[in-house]
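User: I am new to this structure and would like a close look at one part of it. Please take the surroundings of the ligand and work outwards from there.

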Amino acid sequence: MINSKPILFSAIQPSGNLSIGNYIGTMRHWSSFQDNYECLYCIADLHSLTTLNKNFSLQNSVLDTLALYLACGVNPKKSIIFIQSHVYQHSQLNWILSCFSQFGELSRMTQFKNKRKIQDNYVENINIGLLNYPVLMSSDILLYQTNLVPVGQDQKQHLELTRNIANRFNLLYGDIFTLPKPLITKTGSKIMSLLDPTKKMSKSDTNKNNVIFLLEDISSVFLKIKNAVTDSEMPPKIYYDLRRKSGISNLLEILSAITNKKISILEKEFEGIMYSEFKKIIFDNISKFLHKLQKSYLVYRKDESYLKKVAKEGAIRARLKSEKILKRVSTAIGIN
Ligand code: TRP
């Protein structure tokens with residue numbers, strides 16, 4: 001092997017409205033990963049089909065997401081950036097691996113159970129794509145002999161499943177798949193809702209005041225921060241304590257991530273400061289951060305022919321790599 005850098009795979013569904021939580025938990029690290037790993041950054045449009053909405057332009061959203069990847073510092077000269085559906089090997093391996101996955105283990109996945117649950121009932125008429133979702137994720141990861149997958153707490157179970165499927169296959173057919181490991185980033189992997197800091201900030205939250213979107217109008221962020229839940233400690237004190245001060249801790253976490261300052265340093269800076277003043281500083285920093293990101297995003301987003309060129313070149317490189325492992329798999333099971 002000439003290339004000895006570990007292979008890292010990451011992907012996001014192109015839902016079009018990524019949040020600051022997605023940035024802090026995932027995309028923030030993408031640019032620096034490029035120096036230490038051989039990176040593949042995928043736009044998981046096939047996964048988006050599980051929640052397809054006729055009024056939503058997936059095509060536009062894929063381009064939005066690609067422009068955001070670039071704005072976050074992903075460099076097509078250093079990494080492979082590609083759109084999942086452009087590399088048919090993903091669907092092919094998905095079918096093969098679904099024959100090595102069990103109904104029981106898939107139906108027990110937490111994310112599937114949550115999606116299936118409406119109030120307290122389990123619905124029957126849920127699409128099979130949602131059940132199969134983690135198998136497609138496994139295919140994404142295993143197709144590139146991935147060593148590392150950056151994951152938040154909520155995706156750890158999916159990576160465990162990937163390892164189980166790979167192991168099951170390898171036991172029967174020899175060491176074909178590399179077993180991927182999670183790369184867990186310490187702080188900021190979970191940004192919480194602004195109005196309910198005990199639950200995760202989710203881009204699909206019905207109450208938009210819970211979420212800061214990467215592409216939203218900066219003026220609307222002011223009120224969201226102003227209304228963000230804090231606590232009633234007297235006198236007010238700013239320090240990190242997830243259990244007793246979940247709101248303040250969440251704001252500190254956001255600030256630390258976008259300014260690259262340690263939380264312990266921020267705590268010292270904010271000694272004796274009122275919550276209102278603290279929130280003003282939070283807003284100023286978020287606004288500076290969003291402004292810079294959005295400016296760069298717009299430059300890329302306007303140039304569709306460049307975006308399409310990046311996607312096309314990425315797909316060619318991803319196909320070359322994934323075809324190799326797919327061939328080995330096909331030979332092993334006798335379908336080539
Ligand atoms: N499920 C991930 C999300 O919702 C996207 C994804 C698809 C992914 N395939 C993956 C993440 C493989 C890590 C590895 O954003």
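Analyst: What follows starts at the ligand, in a predicted model, and then moves to the elements that its surroundings belong to.

The residues around the ligand are F9, A11, I12, Q13, A44, H47, Y133, M137, D140, I141 and V149. Two of these can be described by their distances to a nitrogen atom of the ligand. For D140, an N or O atom of the side chain is 2.7 Å from a nitrogen atom of the ligand. For Y133, a polar side-chain atom lies 2.8 Å from a nitrogen atom of the ligand.

D140 deserves a longer look. This residue is part of helix 8, which covers residues 128-142. D140 is buried but has no salt bridge. The nearest side chain of opposite charge belongs to K115, and it is 13 Å away. Because a salt bridge requires the nitrogen and the carboxyl oxygen to be within 4 Å, K115 does not serve as a partner for D140. Apart from neighbours within four places in sequence, D140 is in contact with F9, H47, Q84 and H90. Of these, F9 and H47 are also listed among the residues around the ligand.

Helix 8 also contains I128. With a relative accessibility of 59%, I128 counts as exposed, whereas D140 is buried. I128 and S330 are 202 residues apart along the chain, and their C-alpha atoms are separated by 24 Å.

Next comes strand 1, which spans residues 7-12. Five of its six residues are buried, so the strand is largely enclosed by the rest of the structure. Strand 1 runs parallel to strand 2 (residues 38-43), and six bridges join the two. One of the pairs is L8 with C39, its bridge partner in strand 2.

Strand 2 leads on to a more distant part of the chain. E38 forms a salt bridge with K321, with the closest N and O atoms 3.1 Å apart. Since E38 lies in strand 2 and K321 in helix 14 (residues 304-333), this pair ties together parts that are 283 residues apart in sequence. E38 counts as buried at 19% relative accessibility, while K321 is partly exposed, with a relative accessible area of 34%.

Helix 14 holds another salt bridge, between E323 and K327, whose closest N and O atoms are 3.6 Å apart. Both residues lie in that helix, four residues apart, or about one turn. E323 is partly exposed, with a relative accessible area of 22%. In total, the count comes to 15 salt bridges.

Conventions: Residues numbered from 1 in each chain as written. Predicted model: local features only at pLDDT ≥ 70, side-chain atom pairs only at ≥ 80, totals over all residues. Heavy atoms only, no water. Buried < 20%, exposed > 50% of the residue type's maximum accessible area, 1.4 Å probe, protein only. Pairing = 2+ DSSP bridges. Lys, Arg positive; Asp, Glu negative; His and termini not counted. Contact = heavy atoms within 4.5 Å. Near = heavy atom within 4 Å. Polar contact = N/O pair within 3.5 Å; in protein donor to acceptor, adjacent residues only side chain to side chain.
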